[in-house]
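User: Hi! Could you walk me through the charged pairs here and the reasons behind each label?

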Amino acid sequence: MIARRLLGGMLQRVVRHGRLQIIDHDGEILDIGDPSAEAIVLRFNDSWVAFDLLRDPQLTLGELYTDGRLTIENADIAGLMDLLARNLGTSVGDRYSKAIAWLRSCFRPRNSLRAAKRNVDSHYSLDGDLYNFFLDSDKQYSCAFFETPNDSLETAQANKKRRIAAKLALKPGQKVLDIGSGWGGLSLYLATGTGADVTGVSLSAEQVKISNVRAEMAGIADRVRFQLSDYRTIEQKFDRVLSVGMFEHVGQKHYDEFFRTVSAMLADDGVAMIHFIGRSDGPGVTNPWIARYIFPGGYVPALSEVLPAIERSGLHLTDVEVLRLHYARTLLEWRRRFAANRHRAVRAFGDRFCRMWEFYLAGAEMAFRYQGQVVFQLQLTKRVDTLPLARDYMSERREWNAAANARVEMVTGAIDAVEESVSQNG
């Protein structure tokens with residue numbers, strides 16, 4: 001009873017737009033927000049839900065939804081997350097929640113070689129079928145680029161790869177390192193479309209295995225290969241160094257090490273491109289539910305936390321682009337595809353896991369819509385005269401001819417057949 005009253009008071013201060021209605025386990029109803037708005041109706045299914053939400057709302061909301069102790073009567077999880085994120089914005093809530101967030105910020109983890117491998121395996125080495133339920137055909141697990149409102153997810157991911165290739169200003173035969181190469185699609189794209197020689201590194205053995213089979217099946221294993229390595233152990237020099245969606249896993253305490261390593265690996269006339277999720281509102285704290293259940297060891301930085309490490313590394317920042325709502329749209333497409341395949345996902349992973357994944361996709365989408373999350377693309381060089389003075393060269397390089405696009409799509413597609421081959425051959 002006391003917990004319910006306290007929770008109601010806290011939510012009254014949060015929900016200023018829209019309406020939330022809570023049906024407690026004993027049938028008592030809390031009505032919060034604008035009485036003229038249509039309510040999102042929650043049901044608490046046991047007597048401890050209100051207490052657990054009060055104890056640590058950022059952590060326990062996801063746990064309660066995943067465990068089925070909190071259910072939504074008239075909407076999906078995206079509707080609830082939209083309501084909460086719109087009202088909270090970039091705030092973490094009341095003074096109690098802010099105090100918990102501050103304490104968490106004092107204990108950010110270190111990503112040692114062993115911890116980094118363990119953290120990657122916890123997410124990226126999950127059964128590959130999971131990612132088939134929501135990603136595009138090339139399994140690009142990072143922000144797409146929507147050039148028009150009508151772009152499909154496949155088109156937007158191809159747009160992303162083409163923009164990255166343009167920013168790298170690649171020439172045939174140049175050596176490229178792709179840090180955190182995923183299922184290999186971007187590396188294959190660069191090797192096929194530009195004639196570059198690409199090495200991809202990942203800490204996921206499953207991703208490396210699939211990527212190498214894709215290269216072999218495409219007939220380009222002589223100029224694109226993948227290895228199970230931590231980027232910190234690579235001692236070669238490269239003309240280009242690329243990292244897409246990996247920097248979020250580096251950890252704030254390792255930024256100097258990351259950029260020093262990139263600088264050491266980069267040729268004197270080389271170019272690096274780092275693509276990562278960031279905060280537009282300054283340094284913050286990783287959501288505790290995300291840190292525990294989705295991306296252990298992860299941290300989304302503000303640009304102000306990254307730039308000093310770049311400056312100390314001796315690298316020149318030559319271009320910055322901020323992708324604002326592109327990731328929100330990407331996550332919306334992933335969420336729709338996961339919903340369409342939910343029956344298959346339940347058979348493979350169970351209903352509880354599906355609720356966890358739905359909470360993750362919906363919460364991440366709303367973070368980009370309302371809570372200051374963006375994607376930064378940073379272009380770096382060791383010399384100030386490495387690239388043309390005008391940015392026009394990027395647009396020129398994006399204008400690939402139709403034959404080149406056709407070759408690239410042939411190589412980067414058909415990943416289902418590759419995974420089936422890997423599965424049959426172990």
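Analyst: Happy to; here are some salt bridges and the terms that go with them. This is a predicted model, where local features need pLDDT of at least 70, side-chain atom pairs count only at pLDDT 80 or more, and totals for chains, interfaces and linings use all residues. Residues are numbered from 1 along each chain as its sequence is written, and side-chain values use heavy atoms, with hydrogens and water left out.

User: What makes Arg19 and Asp31 a salt bridge?

Analyst: The term asks for a side-chain nitrogen of Lys or Arg within 4 Å of a carboxyl oxygen of Asp or Glu. The closest N and O atoms of Arg19 and Asp31 are 2.8 Å apart, so the pair qualifies.

User: Why does that pair tie together parts that are apart in sequence?

Analyst: Arg19 sits in strand S1 (residues 19-23) and Asp31 in strand S2 (residues 29-33), so twelve residues separate them in sequence. Strands (E, at least two residues) and helices (H or I, at least four) are DSSP runs, numbered from the N terminus.

User: Why is Arg19 called buried, and what is Asp31 called?

Analyst: Buried means under 20% relative accessible area, exposed over 50%, and partly exposed in between (1.4 Å probe, protein chains only). Arg19 has 17% relative accessibility, so Arg19 counts as buried, whereas Asp31, at 38%, counts as partly exposed.

User: How do you know that Arg163 and Glu321 form a salt bridge?

Analyst: Their side chains meet at 2.7 Å, N to O. Arg163 belongs to helix H8 (residues 153-168) and Glu321 to strand S10 (residues 316-323), so the pair ties together parts 158 residues apart in sequence.
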